[in-house]
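Dear colleague,

I am passing on the structure that we talked about, and below it I have written out what was found. Please read the notes with the structure open beside you.

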Amino acid sequence: MSKVNAPKGTGDLFSPQIEKWQYLEDKIRSYFSRFLYREIRTPVFEHSELFQRGIGSETEVVQKEMYTFADKAGRSLTLRPENTASVVRAAIEHNLLNDMFPLRFLYIGPMFRYEKPQKGRQRQFHQFGIEVFADGSPQVDAEVIYSAYNFLKEIDLRSISVEVNSVGCDVCRPGFLEQLQTAAREKKDALCVECQRKTDTNPLRIFDCKNEKCIDTSNSFPKITAHLCEECAVHFDQVKAALQILQVEYKINPRMVRGLDYYTKTTFEIISGQLGAQNAVLGGGRYDNLIKDLGGPDMVGIGFAAGMERIILHLQEVELEPRKKILVAYQNPEIQDAALGLCETLWRSGVHAYMEYSAKNLKKQFKKGDKLSANYTFILGEEEAQNNTISVKDMSSREQITIKQEELAQWLKKNI
Ligand SMILES: [Zn+2]
Ligand SMILES: [Zn+2]
């Protein structure tokens with residue numbers, strides 16, 4: 001029979017990689033609870049309409065990258081390409097916007113985008129992120145940026161830098177878009193076909209284009225930061241002031257518009273220089289119209305999403321503390337039951353223990369102990385069984401001592 005492999009752009013996670021994922025997930029949950037975020041889990045697929053309305057039908061994500069399919073009843077469903085629209089949908093659906101306080105959500109899970117797979121980018125990829133609803137103050141923007149920045153520092157991601165921008169609001173953006181459109185039309189021939197199309201439909205998205213020529217050309221286009229209305233300008237200044245209090249070093253990047261249409265005012269990215277090329281590991285921003293656009297009340301929001309694969313690439317270098325393991329070995333089949341009893345005592349005490357059930361002799365069991373990288377081997381022989389003792393071998397020093405069964409708890413406390 002021919003074998004079946006995992007689809008392109010997906011992967012299997014197992015030891016020793018999986019320990020790094022667990023480590024990261026534990027860190028995320030404990031860290032963000034400091035800021036009173038509580039976890040939310042939404043389905044991996046939603047009605048396609050949610051993302052079309054939420055993310056924007058002109059975005060790369062919606063145009064090219066969504067896994068959209070009809071189910072057996074003919075409904076159009078989409079594997080979630082991001083989680084913010086789903087969190088908003090869930091909060092509206094379950095009336096959390098009235099019932100919960102504070103409205104702070106944390107999510108961790110797989111997302112799906114049909115992209116060209118490369119290092120740190122998969123078609124099924126994982127993100128964690130946070131969302132804060134109902135707080136429009138500039139200080140909350142700064143707090144969200146700070147919490148992201150400080151988290152990456154706490155897990156020891158080095159050479160990170162913060163870039164911020166304001167993409168304006170309904171008041172100032174239309175005027176800016178007109179100017180941007182005029183500038184883009186003048187330079188139409190210097191833009192790629194895709195950007196020529198975007199010039200008419202959604203000129204802001206020209207800044208997303210990775211084509212060198214388009215980047216060069218669009219560098220001379222008007223900058224949103226020079227066209228902010230009074231409210232947006234004041235908001236942006238206050239975000240910057242709060243970032244200073246929180247000791248977050250940042251750079252202003254007026255080109256940063258993020259790939260999703262729902263952003264208003266503050267947007268930000270955290271870039272890591274550590275992963276070779278300058279790579280955004282995390283990005284987000286304010287979305288003051290999204291909740292309303294998805295059928296909820298007129299309520300503001302802000303959040304970010306971080307790419308876990310990219311963060312894991314960094315964690316490769318982190319030496320995780322392995323848990324101590326004990327192999328329980330027995331001299332002959334008559335003593336196997338006693339060994340099983342000893343194992344049970346260890347498991348009940350929370351110790352990581354293993355025994356071979358069909359071992360022929362001690363030598364073979366010791367070999368398995370090496371494979372397990374066991375820290376200690378407990379040996380039960382006839383003598384030990386008779387005297388109610390255990391021979392304990394330290395596998396790194398190769399020293400062996402004998403302890404009494406009743407001293408076991410004490411020994412475990414000291415050594416494990
Ligand atoms: Zn504005
Ligand atoms: Zn282009």
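Cys195 is buried, because its relative accessible area is 0% and a residue counts as buried when that value is under 20%. Please keep in mind throughout that this is a predicted model. Cys195 is one of the protein donors of the zinc ion (ligand 2), which are Cys192, Cys195, Cys209 and Cys214, each giving its SG atom and lying 2.3 Å from the ion. The angles among these 4 donor atoms run from 105 to 116°, and the site is tetrahedral. Along the sequence, the spacing of the donor residues is C-x2-C-x13-C-x4-C. Because Cys195 lies in helix 8 (residues 193-201) while Cys209 lies in the loop between helix 8 and helix 9 (212-218), the pair ties together parts that are 14 residues apart in sequence. Cys209 also counts as buried, at 13% relative accessibility.

The other zinc ion that I looked at is ligand 1, whose protein donors are the SG atoms of Cys169, Cys172, Cys229 and Cys232, at 2.2 to 2.3 Å from the ion. Why is the arrangement around the zinc ion (ligand 1) called tetrahedral? The reason is that its 4 donor atoms subtend angles of 99 to 114°, and four donors count as tetrahedral if all angles lie between 85 and 135 degrees. For reference, the ideal angle for four tetrahedral donors is 109.5 degrees. The donor residues of ligand 1 follow the spacing C-x2-C-x56-C-x2-C in sequence. Of these donors, Cys169 counts as buried at 12% relative accessibility, and Cys172 counts as buried at 6%.

Next come the salt bridges, of which the count comes to 23. In general, side chains of opposite charge can pair when their charged atoms come close. Glu39 forms a salt bridge with Arg29, with 2.7 Å between the closest N and O atoms. This pair links distant parts of the chain, since Glu39 is in strand 1 (residues 38-39) and Arg29 is in helix 1 (residues 17-33), 10 residues apart. Glu39 is partly exposed at 31% relative accessibility, and Arg29 is partly exposed at 32%.

Arg89 and Glu46 form another salt bridge, in which the closest N and O atoms are 2.8 Å apart. Because Arg89 lies in helix 4 (residues 84-93) and Glu46 in strand 2 (residues 45-47), this pair ties together parts that are 43 residues apart in sequence. Here Arg89 is buried, with a relative accessible area of 18%, and Glu46 is buried as well, with 7%. Salt bridges that share partners also join Glu60, Lys64, Glu194 and Arg197 into one network.

Turning to the strands, 6 of the 8 residues of strand 10 (residues 279-286) are buried, so this strand is largely enclosed by the rest of the structure. Strand 9 (residues 264-272) runs antiparallel to strand 10 and is joined to it by 7 bridges, with Ile270 standing opposite Leu282 in strand 10. Strand 10 is also joined by 5 bridges to strand 11 (residues 301-307), and these two run antiparallel; the bridge partner of Gly283 in strand 11 is Ala305.

Lastly, Val44, Phe45 and Phe69 make a nonpolar surface patch of about 240 Å². Phe69 belongs to strand 3 (residues 67-70), and at 35% relative accessibility Phe69 counts as partly exposed.

With best wishes

Conventions: Residues numbered from 1 in each chain as written. Chains lettered and ligands numbered in written order. Predicted model: local features only at pLDDT ≥ 70, side-chain atom pairs only at ≥ 80, totals over all residues. Heavy atoms only, no water. Donors = N, O, S within 2.8 Å, 3.2 Å for Na, K, Ca; no water. Tetrahedral: all angles 85-135°; square planar, octahedral: opposite > 155°, others 65-115°. Buried < 20%, exposed > 50% of the residue type's maximum accessible area, 1.4 Å probe, protein only. Helix = DSSP H or I, 4+ residues; strand = E, 2+ residues; numbered from the N terminus. Patch = residues over 30% accessible without salt bridge, like charges linked within 9 Å, V, L, I, M, F, W, Y side chains within 5 Å. Areas by Shrake-Rupley, 256 points an atom, 1.4 Å probe, with all protein chains shown as cover. Salt bridge = Lys/Arg side-chain N within 4 Å of Asp/Glu carboxyl O. Pairing = 2+ DSSP bridges.
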